[in-house]
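Open the model in your viewer and keep the selection panel at hand. The stops below follow one after another.

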Amino acid sequence: MKKDCNDCGAEINVPGDSMVGEIVTCPDCGANFEIIEKSELKIEVKPAESIGEDWGQ
Ligand SMILES: [Zn+2]
């Protein structure tokens, strides 16, 4: 399953057995995204710039 990177538009390959809450990394820019929704038809992610609880920005 593929998802476009929110930052650079590259394709991020999301393993079919990945689960909500997992972090995927863009191979192009290295941005981290957390899977927030997943179904057979679509996948939604949100930026996860740092793994943790620091949401200073
Ligand atoms: Zn990217």
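Which residues does Asp4 touch, not counting residues up to four places away in sequence? Select Asp4 together with Gly9 and Glu11: these two are the residues that Asp4 touches once residues up to four places away are set aside. Bear in mind throughout that this is a predicted model.

**Stop 1: Asp4 and Gly9**

Asp4 sits in strand β1, which covers residues 2-4. Asp4 counts as exposed because there are 12 C-beta neighbours inside 10 Å, and a residue with 12 or fewer falls in the exposed class. Now add Cys26 to the selection and draw a distance between C-alpha atoms: Asp4 and Cys26 are separated by 8.8 Å, although they are 22 residues apart along the chain.

Move on to Gly9, in the loop between β1 and β2 (11-13). Gly9 has 10 C-beta neighbours inside 10 Å and therefore counts as exposed. Keep Cys26 selected and repeat the C-alpha distance from Gly9: the value is 9.3 Å, for a pair 17 residues apart along the chain.

**Stop 2: the whole chain**

Zoom out and colour by secondary structure. The protein chain has five strands and zero helices, so the order of elements from the N terminus on reads β-β-β-β-β. Of the 57 residues in the chain, 11% are buried. Among contacts with a separation of 6 or more, 15% are between residues 24 or more positions apart.

Next, colour by confidence. The mean pLDDT of the chain is 88, and 84% of the residues score at least 70. Taking the elements on their own, β4 has the highest mean pLDDT, at 95, and β1 the lowest, at 92.

**Stop 3: the sheet**

Select β3, β4 and β5. These three strands form an open sheet in the order β3-β4-β5, with antiparallel pairing. β3 (23-25) and β5 (43-47) each have a single partner strand and stand at the edges, so one side of each is left without a neighbour in the sheet. On average, neighbouring strands of this sheet are turned by 45° against each other, direction ignored.

Start with the pair β3 and β4. Strand β4 takes in residues 32-38 and pairs with β3 in the antiparallel sense over three bridges. Show Val24 and Phe33: Val24 stands opposite Phe33 in β4. Then show Thr25, which stands opposite Asn32 in β4. The two strands form a hairpin with six residues between them, and Gly30 in the turn has a positive phi of about 80°.

Cross to the other side of β4. How many bridges join β4 to β5? There are five, and the two strands run antiparallel. One place to look is Glu34, whose bridge partner in β5 is Lys46. β4 and β5 also form a hairpin, here with four residues between them.

**Stop 4: the nonpolar core**

Select Cys5, Ile12, Val24, Cys26, Phe33 and Val45, and show their side chains. These six residues make up the largest nonpolar core. Val24 and Phe33 are the pair already seen opposite each other in β3 and β4.

Now centre the view on Val45. Which residues is Val45 in contact with, leaving aside its neighbours within four places in sequence? The contacts are Lys3, Val24, Phe33, Glu34, Ile35 and Ile36. Val24 and Phe33 appear in this list and are also members of the core.

**Stop 5: Asp17**

Finish at Asp17, in the loop between β2 and β3. Is Asp17 buried or exposed? Asp17 counts as exposed, because there are 6 C-beta neighbours inside 10 Å. For a last distance, select Met1 as well: the C-alpha atoms of Asp17 and Met1 are separated by 9.7 Å, and the two residues are 16 apart along the chain.

Notes:
Residues numbered from 1 in each chain as written. Core = buried A, V, L, I, M, F, W, Y, C linked by C-beta atoms within 7 Å. Buried ≥ 20, exposed ≤ 12 C-beta atoms within 10 Å, placed from the backbone. Contact = placed C-beta atoms within 7 Å. Pairing = 2+ DSSP bridges. Axes fitted to C-alpha atoms, helices over the stretch in contact; angles between N-to-C directions. pLDDT = per-residue confidence, 0-100.
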